Amino acid sequence: MKAIEKRNIPISLPVTGEEEWHATREPLVNGWLTSGPKVREFEELFAKRHQVKHALAVTSATTALHLALVALDVKAGDEIIVPAFTWVSTANVVLYCGATVVFADVDPHTFNIDPADLKRRITPKTKAIIPVHLFGLCANMDEIKTIAGNIPLVEDGACAAGAAYKGIPAGALGTIGCFSFHPRKSITTGEGGMITTNDDHLAEVMGMLRNHGASISEEQRHHGPRPYILPDFNMLGYNYRMTDLQGAVGVVQIKKLDQFIDEREKWAAFYTKELSSIPWLRTPKYGADYKHGWQSFVTFVDEAKAPMSRNDIMEKLQEQGISTRPGTHAVHMLGYYAKTYNIQPKDYPGAWSADQFSMSIPLHNRMVKEDFEYVVSALKSI
């Protein structure tokens, strides 16, 4: 591969432009800026794409996860199992409810929750399990469901819009699904999130919880809004509503989701082929049952074979204008959790190694062929 002049390649960039800009005009002109018709349209499109009955737009994946646990009546004394290698909010929402986080180790090859370790962590206090579809690869949901039995499964699909397992989209695989539209995700609304479920009761409860706990009277249900009837508040709720400005952008973005994933899949295949000759770098591996969402392309650096440490490799790439990141956190190693739970780093060896040796390289829809070639050339030169 011929030498290429130095480029500047960020780890991620959202694809937004004229279409999204024009989409925000309608709510700006008509004055409906809070949650309204554009949010409902976005919810309907998202539900249809992910093959679920209900989709509820919220302010982030974190608030989606929080509402999911509240709707499942998670409280003090309950235990919630989460993978030890994930973004910190997966664990934080458990503490918001006063419950106890129970970490399970991850498979060092997929970075997803290890079903065998999950099985060991279940106790009579286990109220829910949060499998994470990390980096866009669904967890092994069949095995998890078998182990879980009747325990509710809350899918953390923050990275997994458009992903699937055995033909079933993420968000339709468990009791409740939660998604993120942060700018590093495949589609974005700036900030924002979505909750999915096929359970009518849970959908109703979460719909009220995101809107201060407001419920609708039977008269309003049958006869429509009445200006002299205010909603009742029978539960402690939150203000987790998405705005119509975000909804308008979401309507445009969801229509591009499959195109974005197809493009990322093409370049993920390019990376996998071109980087296979590097003995110290492991690329993502997964079976035919999985449709990857490719939120990130996360590699694993084998320091026993590598010419230098993972961190030094990341520095070398940064010098060449290539932005990288560790995959995500081993949450049990973060200051608050390490101190609160008195956990040692290697108590979860899969999560520890993922934390120390994972490396995400640029993969997004604003990259061009020359960018991908440049990344490959830089890695091969190390």
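Here is a walk through the internal cavities of this structure and one buried residue.

Keep in mind that this is a predicted model, where local features need pLDDT of at least 70, side-chain atom pairs count only at pLDDT 80 or more, and totals for chains, interfaces and linings use all residues. Residues are numbered from 1 along each chain as its sequence is written, and side-chain values use heavy atoms, with hydrogens and water left out.

Let's start with the empty space. A cavity here is a set of points, on a 1 Å grid over the protein atoms alone, where a 1.4 Å probe fits but cannot get out; its lining residues have an atom within 4 Å of a point. There are 2 cavities of 30 Å³ or more. The largest holds about 80 Å³, volume being the space filled by probe spheres set on the points. Its lining includes H109, F111, F135, K285 and V298, and the whole lining splits into 6 nonpolar, 4 polar and 1 charged (Ala, Val, Leu, Ile, Met, Phe, Trp, Tyr, Cys and Pro are nonpolar, Asp, Glu, Lys and Arg charged, the others, Gly among them, polar).

The second largest cavity comes in at about 40 Å³. Among the residues around it are I11, R184, Q295 and P362, and its lining divides into 4 nonpolar, 4 polar and 1 charged. S296 lines the largest cavity and also the second largest.

Now over to E373, which sits in helix α15, residues 369-381 (a DSSP run of H or I, at least four residues, numbered from the N terminus). E373 counts as buried because its relative accessibility is 17%, and buried means under 20% relative accessible area (1.4 Å probe, protein chains only). Its side chain makes a polar contact of 2.5 Å with that of K369; such a contact is a pair of N or O atoms within 3.5 Å, where one must be able to donate a hydrogen and the other to accept it, and residues adjacent in sequence count only if both atoms are side-chain atoms.

Technical notes
1 Å grid on protein atoms, 1.4 Å probe; cavity = no way out; pocket = protein on both sides within 12 Å on 5 of 7 lines; lining within 4 Å. Helix = DSSP H or I, 4+ residues; strand = E, 2+ residues; numbered from the N terminus. Buried < 20%, exposed > 50% of the residue type's maximum accessible area, 1.4 Å probe, protein only.
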